[in-house]
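Got your viewer open and your selection box ready? Here is a walk through one model, stop by stop.

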Amino acid sequence: MPDKPALEGLESKWGDTWENSGTYRFDRESATRECIYSIDTPPPTASGSLHIGHVFSYTHTDVVARFQRMRGKSVFYPMGWDDNGLPTERRVQNYYGVRCDPSLPYVEGYVPPFEGGEGKSVKAADQVPISRRNFIELCERLTAEDEKQFEALWRMLGLSVDWTQTYRTIGDEALFTSQLAFLRNIERGEAYQAMAPTLWDVTFRTAVAQAELEDREQPAAYHRVSFHREGGETIEIETTRPELLAACVALVAHPDDERYQPYFGTTVRTPVFDVEVPVLAHHLAQKDKGSGIAMICTFGDVTDVVWWRELDLPNRAIIGFDGRILGEAPEAITSEAGVAAFAEIAGKTVFSAKQTMVDLLRASGDLIGEPRSISHPVKFFEKGDRPLEIVSTRQWYISNGARDEKLRSTLLEHGASIDWHPDFMRVRYENWVGGLTGDWLISRQRFFGVPIPVWYPLDADANPIFDSPIVATADLLPVDPSSQAAPGFDESQRDQPNGFIGEHDVMDTWATSSLTPQLAGGWERDPELFDIVFPYSLRPQGQDIIRTWLFSTTLRAELEHGVAPWAHAALSGFIVDPDRKKMSKSKGNVVTPSGLLEQHGSDAVRYWAASSRLGTDAAFDPQNPTQVKIGRRLAIKVLNASKFILGFEGGLDAAITEPIDRSMLATLAEVVRQATQSLESYDHARALEVAESFFWTFCDDYLELVKERAYGEQGPAQASAVAALRAALDTLLRLFAPYIPFAAEEAWSWTHEGSVHVAAWPTVEEFGDHIGEPELLRLASVALTGIRRAKTDAKASQKTAVSSAVIAGPADVTTLLAGASDDLRAVGRIAELTFVDGDELAVSAITLAEQEEGRA
C-alpha cells in the first residue's frame with residue numbers, strides 16, 4: 001500500500017497486469033452455452049481517430065461485461081475493426097495524395113507522394129492516379145496503423161476486451177464469411193441482380209442504399225409551368241426541377257381531386273419538347289401541394305420511382321453517372337425544336353441545365369410568373385456533399401421484407417423477441433421495417449471492400465451476358481474476380497470474345513458489418529465456438545444505426561439461421577455539445593478523448609460516461625467537464641478511504657456486534673440489492689448512483705462516527721468497527737469495479753490475491769447475521785449533521801468539546817438512536833448526551849465545555 005495513493009500511472013500498471021495474467025481472456029475450454037455471456041461488440045470505423053462518443057457508448061458496454069464476468073459468466077467480448085468502406089477510401093486519398101484508377105497497372109513497391117501527412121492541401125484534381133491493387137495496399141497499410149492507435153486508446157480506457165478475439169471487416173476471414181453468406185443468399189433466391197432506378201451519389205460515383213440516406217434542408221424554387229391540351233387549353237404544374245422536363249413521362253393527381261378528374265385518361269403535350277404524356281391518378285399525389293397535379297419524371301425523386309413502377313411508365317432517364325445531362329435526347333423527343341432544345345442542356349450539370357431550361361420556358365411562354373423561392377428537404381448520401389440523383393443501373397440486391405410480407409412479419413417478430421434497453425427504441429426498428437420500400441441494394445462502385453464473388457461470360461462480340469453470372473463455389477473463397485480467373489477459364493480469356501469479365505463492384509460495408517456475429521464467432525470456420533456464442537447475449541450500439549446495423553444483422557441472422565441474433569439490444573444516446581447539438585465530425589464539434597484521459601484519468605472519464613442511462617443524450621463541455629471532475633474525486637476518495645480503513649488494526653474475523661455497525665451493513669445490503677437489480681435491468685447509471693450515494697454517506701458520516709472506536713483500545717466494540725469497515729470496503733470495491741476499474745483494482749490489491757474483476761459480485765446473502773436495523777444509520781447521520789451545524793453556528797471548531805447535548809425526537813426514534821449514542825458522543829466530543837421526546841428528530845441544545853462558557 002503506497003504512502004500516498006494516486007490515480008496517475010494506474011492505467012499502464014494494471015493494463016499490463018491484466019494482459020499478462022489473461023484476466024479478461026475468454027475461457028472456451030470450460031465454457032458451456034449456459035454460462036456464456038456473449039457480446040456482439042460494435043467494430044469502430046478504422047479511419048481517422050476515435051471521438052468522445054465512442055468512449056461514451058463503449059464504456060456502457062464494458063460496465064455490462066465486467067458485471068456479468070463478476071456474476072460468474074464466461075464473457076465472450078471480442079473487438080472488431082471496420083476497415084472497409086468509403087471513409088477509409090477518402091482518408092487514404094487525403095493522407096497519401098492519391099486516387100484509384102482501375103485501368104492502371106500495378107506498381108511493385110509503390111511509394112505514395114505523401115507520407116504521414118493529411119495531404120489536405122492536395123486538390124482532388126492533383127491527386128496521383130494509381131492502380132486498384134496499389135490503392136487497396138495503401139488502405140490496408142493506413143487502417144493497420146489506425147487500428148494500433150485505437151487499441152491503445154481502448155486499453156487506456158480499460159475496456160475488458162479479450163484482445164485475442166479480434167477481427168477485421170476486410171481480412172481474409174471477413175472476405176470468406178461475407179462471400180459465403182452471399183453465395184448462400186443466391187442459392188436460396190434471396191440475392192439477385194436487376195436493372196433498376198438507383199439512388200446515386202454523383203461525387204463518389206456509387207449507388208446508395210435506403211438506410212444511408214439523410215434529408216437536408218435546401219433552398220429551391222417552385223416553377224409554374226403549363227402543359228398543353230388539344231384545343232389550346234393548358235394544365236399548370238409546379239416543379240422544383242424544370243431541368244427534368246425532357247424526362248417527363250406523365251402528369252399525376254389524386255384520384256379524389258375533382259379539379260383533375262375530367263382529365264384522367266387523356267393526354268397533354270410537354271412544353272418546349274412537345275412530347276405527348278398521359279394524365280393519371282395515384283393516391284400519393286397531394287391535393288394541397290403546388291397546383292395539385294405533378295409531373296412524373298424519370299427520375300426526380302423516390303416518389304417518381306414509385307409512380308413509374310406502379311403506373312407502368314416508360315423510362316426516359318436523362319441524368320448520367322456524373323450528374324450531368326446525357327448527350328442524346330430520349331427517343332420520345334422527335335420534333336426539330338425539341339431536339340434543338342435538348343442539345344442546349346446536354347452535357348450540363350443539373351444546376352446549369354436548370355438555368356437554361358428556365359430561359360427556354362420563359363422564351364416559349366410556358367413559364368407562368370417568376371420562380372417562387374422555398375426551402376425543402378432533399379435526399380443526400382449521409383457522407384456526401386451533393387444531392388443524390390436517381391439513375392438506372394444494374395445492381396445486386398438482397399431481399400429484406402419490403403416485397404415479402406412473410407419475411408417482414410418474421411423480422412418484426414424477432415424485434416419483439418429482443419429485450420430493448422430502453423424499450424422505446426423498439427419502435428424505431430418497427431417503424432423502419434414497416435416503412436421499407438425496396439430490397440437492400442448491396443453493390444457499391446468502390447474499390448476497398450469485399451468483392452462480389454461472380455463473373456460474367458462474354459459472347460462472341462465480347463459483350464457480357466449479365467443474365468448468366470458465373471458464381472464462385474465455396475472452396476474458392478475468398479476470391480477477387482477482378483484479379484482471379486472465373487472457374488473453367490484462364491486469365492488469358494479475360495475481356496476476350498467468348499471469355500469472361502469479373503464483377504468490379506464490391507459489397508456495401510453494411511453487408512459485411514451485418515455479419516459481425518458470424519465474423520467474431522467463427523461461423524463455418526470454428527463451428528464449436530459459434531455454437532456456444534450464437535445467438536449472442538447482447539448487441540450494444542448507437543441509436544442512430546438501428547436502421548442500418550441492427551436491422552441488417554437481424555435480417556442476415558433470419559436468412560441464414562432463422563433466429564434473432566441476440567437476446568438483448570442496448571442503445572446508447574448521443575453526445576451533444578453545450579448547445580445541445582449532436583457531436584459529429586461533419587459539424588466540427590467533436591472532442592478527441594486521448595487528452596481528456598491523460599488529464600483526468602480513465603476512471604474519471606468512465607464515471608462521466610456511466611452516469612448517463614442508455615438511450616439518453618449527454619451534454620459534454622470540454623472546457624468544464626464537471627462530471628469528469630466528480631468522477632476523479634470519487635476515484636481518489638476510494639483510494640484514500642481504502643488506505644484509511646486498512647490502517648486500523650485487528651477485526652478481520654471479529655463479530656460485528658454494535659448496532660450502528662450492523663445498521664450500516666443493513667443499508668449496504670440494500671444498496672447491493674438495488675445495484676444488482678439495476679444492472680440486471682441494464683440500468684448501469686442507477687446502479688452507480690445508489691452505490692455512490694451510499695459511499696459518500698459511508699465516508700462522511702459512518703466513518704466519522706466509528707473512527708474513534710476503531711482507533712480505541714482493542715475489544716469487542718473496536719473489533720466490530722474494524723470488521724464492519726473491512727466488510728463494507730470489500731463490498732464497495734466490487735460495486736465500483738465495473739465503473740472505476742483502475743482505482744478499484746489498486747485498492748483491492750492491497751489486501752487480496754487475484755483481481756477484483758474476477759471476484760464474485762456481492763450479494764445480500766454475504767451479510768448473513770451481521771445485518772441490523774438500516775434506519776439507525778440514517779438517523780445517526782441526521783443527528784451528526786445537527787451536531788456539526790450547531791458547532792458551526794456557534795463559530796466553534798468541530799473538535800471543540802461539548803459538556804452536554806440534547807437530541808429530541810419521537811420515542812421510537814430516540815430509542816433506536818440510543819444504539820449509536822457512544823459513537824455520537826465520541827465524534828461530537830460530547831460529555832453528556834441526553835435524549836428527550838419531540839415531534840421530529842433534532843439536536844435541540846448543545847453546551848460547549850467550560851473553557852468556552854457562554855457560547856451555547
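What follows is a list of selections, with what to look for at each one.

Before clicking, know that this is a predicted model, in which local features need pLDDT of at least 70, side-chain atom pairs count only at pLDDT 80 or more, and totals for chains, interfaces and linings use all residues. Residues are numbered from 1 along each chain as its sequence is written, and side-chain values use heavy atoms, with hydrogens and water left out.

**Stop 1: helix 8**

Select residues 350-364, which make up helix 8. Helices here are DSSP runs of H or I with at least four residues, strands are runs of E with at least two, and both are numbered from the N terminus. This helix has 15 residues and reaches 21 Å from its first C-alpha to its last, close to the 21 Å expected at 1.5 Å a residue (the expected span is 1.5 Å times one less than the number of residues).

Now colour V350, A353, T356, M357, V358, L360 and L361: these are the helix's buried residues. Buried means under 20% relative accessible area, exposed means over 50%, and partly exposed is in between, using a 1.4 Å probe and protein chains only. What covers them? Show strand 9 (213-228), helix 7 (336-345), strand 15 (367-381) and strand 16 (389-398), which are among the covering elements.

Stay on the helix and pick D359 and R362, a salt bridge with its closest N and O atoms 3.5 Å apart. The term asks for a side-chain nitrogen of Lys or Arg within 4 Å of a carboxyl oxygen of Asp or Glu. The two residues are three apart in helix 8, so about one helical turn separates them. An α-helix has 3.6 residues a turn, so residues three or four places apart point the same way. D359 is partly exposed at 48% relative accessibility, and R362 is partly exposed too, at 39%. Step past the end of the helix and you land on G365, with a positive phi near 80°.

**Stop 2: T240**

Jump to T240, in the loop between strand 10 (234-239) and strand 11 (248-253). Is T240 buried or exposed? It counts as buried, at 15% relative accessibility. Leaving aside residues up to four places away in sequence, T240 touches A220, A221, Y222, H223, K354, I374 and H376, where contact means heavy atoms within 4.5 Å.

**Stop 3: more salt bridges**

The count of salt bridges comes to 52. Select D62 and R606, whose closest N and O atoms are 2.8 Å apart. D62 is in helix 2 (residues 52-70) and R606 in helix 16, so this bridge ties together parts that are 544 residues apart in sequence. Both D62 and R606 are buried.

Next, try R188 and E190, bridged at 2.9 Å between the closest N and O atoms. Here R188 is partly exposed at 37% relative accessibility, while E190 is buried at 12%. For a network of salt bridges, select E19, R25, E151, R155 and D162 together.

**Stop 4: rings**

Two rings of Phe, Tyr or Trp (its six-membered ring) pair if their centres lie within 6.5 Å; planes under 30 degrees apart count as stacked, over 60 as edge-to-face, and the rest as tilted. That rule gives 30 aromatic pairs. Show W608 and F620, a tilted pair at 5.0 Å centre to centre with 55° between the planes. W608 sits in helix 16 (residues 602-610), and F620 in the loop between strand 27 (618-619) and helix 17 (626-646), twelve residues apart. Both W608 and F620 are buried.

Then move to F644 and F648, an edge-to-face pair at 5.2 Å and 75°. F644 is partly exposed at 29% relative accessible area, whereas F648 is buried at 4%. For a cluster linked by ring pairs, pick F26, F76, F530, F534 and Y536.

Charges sit over rings as well, meaning NZ of Lys or CZ of Arg within 6 Å of the ring centre and within 35 degrees of the ring normal. Look at R539 over the face of W549, 3.1 Å from the ring centre, and at R633 over the ring of W696, 4.2 Å from its centre.

**Last stop: cysteines**

How many disulfides does a search of the whole structure find? Zero, with a disulfide being a pair of cysteine sulfur atoms within 2.5 Å. Select C100 and its closest cysteine, C139: the sulfurs are 8.3 Å apart, too far for a bond. C100 is buried at 10% relative accessible area, and C139 is buried at 0%.
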